[in-house]
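Dear colleague,

Please find the structure below, followed by notes on what was found in it, with the terms explained along the way.

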Number of protein chains: 2
Amino acid sequence: MSDLISAKRGRPGYDQRAILDIAVAAFNEYGYDATSMGALAARLDLSKAAIYHHFASKEELLELALDEALTALEGVLAEEGALAGAAIDRLAYVLRGAVQVLAAKLPSVTLLLRVRGNSQVERDALTRRRAFDHMVSALVLEARAEGSLRSDVDARVVTRLLFGMVNSIAEWYRPEGLEDAAQLADDVLTVALDGLRPRS
Amino acid sequence: MSDLISAKRGRPGYDQRAILDIAVAAFNEYGYDATSMGALAARLDLSKAAIYHHFASKEELLELALDEALTALEGVLAEEGALAGAAIDRLAYVLRGAVQVLAAKLPSVTLLLRVRGNSQVERDALTRRRAFDHMVSALVLEARAEGSLRSDVDARVVTRLLFGMVNSIAEWYRPEGLEDAAQLADDVLTVALDGLRPRS
DNA sequence: GTCTATAATTAGATAGAC
DNA sequence: GTCTATCTAATTATAGAC
């Protein structure tokens, strides 16, 4: 959107949000560790010191972005569609929601999916992410128990292949329209549930 | 396997292969950029200088690992099963082969899948990886043209979801047996082709 | 094949002026 | 809100001894 406050006012200078957006974009392009504050400053056409006026540390940039992604994902699990109904419907709802969060918060979710656990901030994010994964995992087990999912494939493998499909979207999806993400979510569910063989 | 030459001979010291294996494991655990030569040396219980006796640079470690992964993947495309027969069978053969390469060369393929293109070595690896991806992409188009794959989902999306499933295996698969990878490849093809709904 | 010591550079972060 | 200048620590890599 607007990178500079000056876009809406005559004043020069960035605000926190604008810097964070550009930082996350850089982190995703080069990797968090490979993105130096110097390189980030150059990208902002700003001095390093100016960034430290807005953020206490490089890691704070990471922390804010990861929290944004996690809060959005966790929000899906709290919605009604994730809490009531047949397990297969709740599972479908959560997968659809995850795809839409991925599309809506693509930069921060992409960053989240690449976290390795090198610091406390990263480990805390991984813990929250795993909690989300476990909830989906439980839904897969429930849906299988109610007979809505095939049981001739290991449930853990099923869960992980589902996450593989959904999470990989971060690697190639580029937002183009509003309806786009919903279509993509439909495609994921179609492939996951019905497979790629032609309709008989 | 054997980390130290001393395992089979009285001499102390590492050989190139042993160092490379441990280096790639560290790169995968912390990320390439986040793994310093100092940390690697500590992990090897060796001085940094000793590593430089075996390798010219940190990047050479990366280059050798990426080449190993790419050579193995490219090998699948050169096998007979990938060259002759119905497109759907060639596609299945390549996907199965990719899963098995992933399992057999898990560390180097994992590293490959995380490359961002920050150096010439990384960009060259990405170029080779994209060539592989394009071959698989062409197989998807062929299989769809012959009527073996559904055509109500965008072909690019199909290809990417397939890669998403296969590549995500690097994030969680841990080798346990020889038959394990073949079973996993079967599961991937089952889910991808027939979907998760129960058999009717 | 490995070591200690060190060079040269870059990293994240701060001080203080404007 | 941004700057220049700077600090300290860490980084990749090399020199030369054993």
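**The surface near DNA strand D**

A phosphate oxygen of DNA strand D lies 2.9 Å from a backbone N or O atom of K58(B), which fits the definition of a polar contact (a pair of N or O atoms within 3.5 Å; within protein, one must be able to donate a hydrogen and the other to accept it, and residues adjacent in sequence count only if both atoms are side-chain atoms). The model is predicted, so local features need pLDDT of at least 70 and side-chain atom pairs count only at pLDDT 80 or more, while totals for chains, interfaces and linings use all residues. Residues are numbered from 1 along each chain as its sequence is written, chains are lettered from A and ligands numbered from 1 in the order in which they are written, and side-chain values use heavy atoms, leaving out hydrogens and water.

Side chains also reach phosphate oxygens of DNA strand D: a polar atom of Y52(B) at 2.8 Å, and an N or O atom of H54(A) at 2.9 Å. Of the atoms of DNA strand D within 4 Å of the protein, 58% belong to sugar or phosphate and the rest to bases.

**Where the chains meet**

The contact (heavy atoms within 4.5 Å) takes 38 residues from chain A and 37 residues from chain B. Across this interface there are 4 salt bridges, each a side-chain nitrogen of Lys or Arg within 4 Å of a carboxyl oxygen of Asp or Glu; one of them joins R197(A) and D194(B), at 2.7 Å from N to O.

Best wishes

How values were computed
Near = heavy atom within 4 Å.
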